[in-house]
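Thanks, everyone. I have one structure to go through today, and I will start from a loop and work outwards. Please have a look at it on the screen first.

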Amino acid sequence: MQEHVYRASRRRDERLGRIRKLSLWITGGAAAASLGMGTAFAHAIPGHTVTTGGGTPATGTAGPAPATSSSAASGSTGGTTGTTTQQGSSGSAGRHHRHRLAPPASAPATPKATPKPAPAAPPAPVVSSGGS
Amino acid sequence: MPGGQLWPAAGHVLAASSYGPSPLWYTARATGVVALILLTITVALGVAGTARLSSQLLPGVVRSGLHRNVSLLAVAFVVVHVLSSVLDPYAGIKLISAIVPFSSAYRPFWLSLGAIAFDMLLALVLTSLLRSRIPYRAWSVVHWLGYACWPIALWHGLGTGTDSRLSWVLILFGACALVVAGAVGTRLNLAASSLNRTAGLAGTAAFVVATIVFVAVGPLQPGWARRAGTPASMLGSAHPASGTPGRTGAAR
């Protein structure tokens, strides 16, 4: 009788252990799949592939960015414009682009025509004798 | 996945967040797809339990325990999916919209399908957790909702999911649909009445055909975002009212 109970108990523990093990595998697989899909979406959906916006932040108009082939292929709502100010809910959309590089407000200064003087000859290396 | 491969992948996501939309945006999509896969496994395991299918590798007790654990895991992923969608400021989805249908301005109908599926899932889980305290009949009726929850969740993903144009996402959805269709077919074979069996098979076939037609004329066509109910202010300012696809992804 004791042997029978012991065997049943062992079988129950073994099955519970199998449930736990399989559940952990599925959980790990789901987490890994989620991470992998997040990475895949990050590569496939526009917004990631287009890193330079064509917008004009100074005027606040929506300047469409050049769509890449991947952005054309996907149906994402991810913004690809370089807009920084928008109305309504799209104002929050602009927060997605806060890391986007904006074009400079003014043209870079033209370099002066006067050539710079040739750099002086590098100073002779100081030879240390170890403090002596 | 070994840790050596996991961390570079996480680095990719973080790097992507520096240039593109918020990481929450990607999290919402990834967890939504994974939740649908887990729901598919749950349905398959549930039908296998009803059909008394068991093997040496997967005895009845193990299958039943897995069915319970995978369904709870699916709920956890759905919760993450909802929270990341709400926290992501892009679409402006409120928490109430995840529970109450037709309370969102962003793609109201398709988002409501997700809210309905979420409510059904919560009802399923709660009645299953309280199974010993409620009549079996009530539990069984609510549990039948599982068969309605899955297609609603699928249509929510296809209609709201802005990634449903990606080929691998469509393949994944198709594989899930095949598994569920097989499970439903197995379940219908167990039905006592041939009328129920015929009606069920006809309904399943009609659903599959309707889904294929919907994908072909809906999400795969340009301008779906506008037709799905995306607010005009989010469609890009090129031609928001005319329906001309703008150059932003939102307009597609």
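Let me begin with B:R107, which sits in the loop between α3 and α4 of chain B. Before going on, note that this is a predicted model. B:R107 is buried, because 26 other C-beta atoms lie within 10 Å, and the cut-off for buried is 20 or more. Its backbone is worth a look as well: B:R107 is not a glycine, yet it has a positive phi of about 45°. For context, most residues other than glycine have a negative phi.

The loop between α3 and α4 of chain B also holds B:F102. B:F102 has a positive phi of about 60°, and it is not a glycine either. Is B:F102 buried or exposed? B:F102 counts as exposed, because it has 11 C-beta neighbours inside 10 Å. The limit for exposed is 12 or fewer. So that loop contains a buried arginine, B:R107, and an exposed phenylalanine, B:F102.

Now the helices on either side of that loop. In chain B, helix α3 covers residues 60-87 and helix α4 covers residues 108-129; their axes come within 11 Å and cross at roughly 145°. The crossing of α3(B) past α4(B) is left-handed. Which residues make the contact? From α3(B) they are B:S71, B:L72, B:V75, B:V78 and B:V82, and from α4(B) they are B:F118, B:L121 and B:V125. By type, the residues of this contact come to 7 nonpolar, 1 polar and no charged.

α3(B) also has a partner in the other chain. Helix α1 of chain A, residues 2-44, packs with α3(B) at an angle of about 30°, and the axes are 9 Å apart. That makes α1(A) roughly parallel to α3(B), because angles under 35 degrees count as roughly parallel. The crossing of α1(A) past α3(B) is right-handed. On the chain A side, the contact uses A:R15, A:R18, A:I19, A:L22, A:S23, A:I26, A:T27 and A:A30. On the chain B side, it uses B:V61, B:V62, B:G65, B:L66, B:N69, B:V70, B:L73 and B:F77. Here the division is 10 nonpolar, 4 polar and 2 charged.

Next, further along chain B. B:R165 is in the loop between α6 (145-160) and α7 (167-189) of chain B. B:R165 is buried, because 22 other C-beta atoms lie within 10 Å. How far apart are the C-alpha atoms of B:R165 and B:V215? The separation is 9.1 Å, although B:R165 and B:V215 are 50 residues apart along the chain.

That loop leads to α7(B). A check on its length: the 23 residues of α7(B), at 1.5 Å a residue, should span 33 Å, and the end C-alpha atoms are 33 Å apart, so the two agree. The buried residues of α7(B) are B:V169, B:F173, B:C176, B:A177, B:V180, B:A183 and B:V184. They pack against α2 (23-50), α6 and α8 of chain B.

Take α8 of chain B, residues 194-217. The axes of α7(B) and α8(B) come within 9 Å and cross at roughly 170°. The two helices are therefore roughly antiparallel to each other, the label for angles over 145. In this contact, B:A177, B:A181, B:V184, B:G185, B:L188 and B:N189 of α7(B) meet B:R197, B:G200, B:L201, B:T204, B:V208 and B:T211 of α8(B). The residues divide into 6 nonpolar, 5 polar and 1 charged. B:A177 and B:V184 appear both in this contact and in the list of buried residues of α7(B).

Finally, the totals for each chain. Chain B has 9 helices and 0 strands, and 41% of its 252 residues count as buried. Considering contacts in chain B between residues at least 6 apart in sequence, 56% join residues at least 24 apart. Chain A has 3 helices and 0 strands, with buried residues making up 30% of its 132 residues. On the same basis, contacts in chain A between residues at least 6 apart in sequence join residues at least 24 apart in 42% of cases.

That is what I have; comments are welcome.

How values were computed. Residues are numbered from 1 along each chain as its sequence is written. Chains are lettered from A and ligands numbered from 1 in the order in which they are written. This is a predicted model: local features need pLDDT of at least 70, side-chain atom pairs count only at pLDDT 80 or more; totals for chains, interfaces and linings use all residues. Axes are lines fitted to C-alpha atoms, for helices over the stretch in contact, and angles run from 0 to 180 degrees between N-to-C directions. Helices (H or I, at least four residues) and strands (E, at least two) are DSSP runs, numbered from the N terminus. A crossing is left-handed if the near helix is turned anticlockwise from the far one by less than a right angle, and right-handed if clockwise. Two residues are in contact if their C-beta atoms, placed from the backbone, lie within 7 Å. Ala, Val, Leu, Ile, Met, Phe, Trp, Tyr, Cys and Pro count as nonpolar, Asp, Glu, Lys and Arg as charged, and the others, Gly among them, as polar. Angles under 35 degrees count as roughly parallel, over 145 as roughly antiparallel, 65 to 115 as roughly perpendicular and the rest as oblique. The expected span of a helix is 1.5 Å times one less than its number of residues.
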